[in-house]
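Q: Please take a close look at a single part of this structure, the space enclosed within it and the residues around that space. Kindly explain each term as it arises.

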Amino acid sequence: GAGFKRIPEPVVHPFDNLEEDEGSQWVVLLSRLNLQDNEIERLPRDIGDIGEELSTLLLRGNKLKTLPKSLSGCLGLKTLDLSRNLIDTLESFKLPVLADLNLSGKLLTELPDTFDTVNSLVKLNVSSNQLTTLPPSVGRMVNIRSLDVSSNKIADLPPMDRAPKLTTLNVARNSIAEVPSLSKCPALTDL
């Protein structure tokens, strides 16, 4: 990392210091933002202003504790890596094309029960956290292919009754006594 403590202002507002004529001559299409392994403690409240073109946001290894609601303004976001941060609770957010969400780390204690509303989610990694339970919506993610919940404190998995595309389910290093029926996961090849 470059030692950033916050996202540089020109990234969020690239035209703020340009004259009107100058800004109209340029089109900024920021599609990938890699700020991994820095010291960023919070995202700007107006992070959603980056635009719909942003498809990949990599924030692994920072000091984030929360996410601003404006993150939902990044409507084109497909990959979001928030692993190894200080986030302990994740609030619900709407990212309509999000396909890959990495929340692995050490502090997450609960997840919102809204994962079944993120129909585009294909890969979810919540490994190496402090989760003791998973919300029922995790078992209803219709397009999920890879679900990694390893290295948590989970005792029971929710019914996986609406995850027909699930191919990989990693539940290693938990306290699970009994795995629920996986008959509604016909594509499952790796458990």
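A: A cavity is a set of points on a 1 Å grid, laid over the protein atoms alone, where a 1.4 Å probe fits but cannot get out; lining residues have an atom within 4 Å of a point. Points are joined across faces, edges and corners, and a volume is the space filled by probe spheres set on them.

The model is predicted: local features need pLDDT of at least 70 and side-chain atom pairs count only at pLDDT 80 or more, while totals for chains, interfaces and linings use all residues. Residues are numbered from 1 along each chain as its sequence is written, and side-chain values use heavy atoms, with hydrogens and water left out.

Two cavities of 30 Å³ or more are present. The second largest has a volume of about 60 Å³. Its lining consists of Leu82, Arg84, Asn85, Ile87, Leu103, Ser104, Gly105, Lys106, Leu107, Leu108 and Asn129. By class, five of these residues are nonpolar, four polar and two charged (Ala, Val, Leu, Ile, Met, Phe, Trp, Tyr, Cys and Pro count as nonpolar, Asp, Glu, Lys and Arg as charged, and the others, Gly among them, as polar).

Two of the lining residues, Leu103 and Ser104, are among the contacts of Asn125 outside its neighbours within four places in sequence; contact means heavy atoms within 4.5 Å. Asn125 belongs to strand β5, residues 123-125, a strand being a DSSP run of E with at least two residues. Its relative accessible area is 15%, so Asn125 is buried (buried means under 20%, exposed over 50%, partly exposed in between, with a 1.4 Å probe and protein chains only).

Another lining residue, Arg84, is partly exposed at 46% and leads to the salt bridges, in which a side-chain nitrogen of Lys or Arg lies within 4 Å of a carboxyl oxygen of Asp or Glu. Asp37 and Arg60 form one such bridge, 2.9 Å from N to O. Asp37 lies in the loop between β1 and β2 and Arg60 in the loop between β2 and β3, so this pair ties together parts 23 residues apart in sequence. Arg84 also forms a salt bridge with Asp37, with the closest N and O atoms 2.9 Å apart. This pair links the loop between β3 and β4, which holds Arg84, to the loop between β1 and β2, which holds Asp37, 47 residues apart.

Key. On a 1 Å grid over the protein atoms alone, a cavity is a set of points where a 1.4 Å probe fits but cannot get out, and a pocket is an open set with protein on both sides within 12 Å along at least five of seven lines; lining residues have an atom within 4 Å of a point. Helices (H or I, at least four residues) and strands (E, at least two) are DSSP runs, numbered from the N terminus.
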